[in-house]
Each structure stands twice: as structure tokens, then as C-alpha cells.
Amino acid sequence: GGGAGGDAGGGGDGASNGGGAMRLYDELKHTDIVEALSRADAGSIDMVVAADVLCYFGKLDRLMMAVGKALRVGSSSRFAFTVEALMDPDHDLDLDLDLDLD
């Protein structure tokens, strides 16, 4: 995975919707996702968002393990991501995840 270092966010503290009335998130990071998630305490994160990122990884096993470790256990935790459409009808998408989260 890749990414630029440092925090990113609008409005100064990165925790408001611009008007300051609603807290949408506690922290927003613009950094290497696997490295950041690996440093997080186990079960300490409610949501991970990866928008237009996964296509740059190749194998996703390290990322999926890091996400699985960092996400809080429970039905309210989410890993949200986007992927690009596969435009080649002759190529099958083979998603083989062999994750052992124990």
C-alpha cells in the first residue's frame, strides 16, 4: 500500500462538517493504510474507509489482516471500500481471501 504521510482534514481540527456543529469523525489520516492500521490498538477502530485504494495493492492479505485486527468487534464496525469496474469480459475476477483472524 502507499500514501502520503501526515494528517488530512478540513476545517482545522478535522472533526467537524465545516460548520462545527456535528462531529463526523475523531481522526482522519492520510498515510499508508497497512502501517497505520498495524499500529492501532486491536479493536480500537469503528470504521475504515478505502476509496479508490485497493487497486494499487495487488495482494490484499496484509491489508485485510490489519483491518480485521484494528476493527472493533461488533455489528456496528465497518470496512467500506470502492473498487473499479472490471472492463474485460474475458477476465474473471478471482478473490481468494484466506484470513485467520484468531
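Author: A salt bridge is a side-chain nitrogen of Lys or Arg within 4 Å of a carboxyl oxygen of Asp or Glu. The structure examined here is a predicted model, and a search of the whole of it finds two salt bridges.

Reader: Why is the pair glutamate 35 and arginine 39 called a salt bridge?

Author: The closest N and O atoms of glutamate 35 and arginine 39 are 2.6 Å apart. The cut-off is 4 Å, so the pair qualifies as a salt bridge.

Reader: What separates glutamate 35 and arginine 39 in helix α1?

Author: They are four residues apart in helix α1, which spans residues 33-39, and therefore about one helical turn separates them.

Reader: Why is arginine 39 counted as exposed, and why is glutamate 35 called partly exposed?

Author: Exposed requires over 50% relative accessible area, and arginine 39 has 54%, so arginine 39 is exposed. Glutamate 35 has 43%, which lies between the limits of 20% and 50%, so glutamate 35 is partly exposed.

Reader: What makes aspartate 46 and arginine 72 a salt bridge?

Author: Their closest N and O atoms are 2.6 Å apart, and the limit is 4 Å, so the criterion is met. This pair links distant parts of the chain, 26 residues apart: aspartate 46 lies in the loop between α1 and β1, and arginine 72 in the loop between α2 and β2.

Reader: How do you know whether aspartate 46 and arginine 72 are buried or exposed?

Author: Aspartate 46 has 41% relative accessibility and arginine 72 has 36%. Buried means under 20% and exposed over 50%, so both residues are partly exposed.

Note on methods
Residues numbered from 1 in each chain as written. Predicted model: local features only at pLDDT ≥ 70, side-chain atom pairs only at ≥ 80, totals over all residues. Heavy atoms only, no water. Helix = DSSP H or I, 4+ residues; strand = E, 2+ residues; numbered from the N terminus. Buried < 20%, exposed > 50% of the residue type's maximum accessible area, 1.4 Å probe, protein only.
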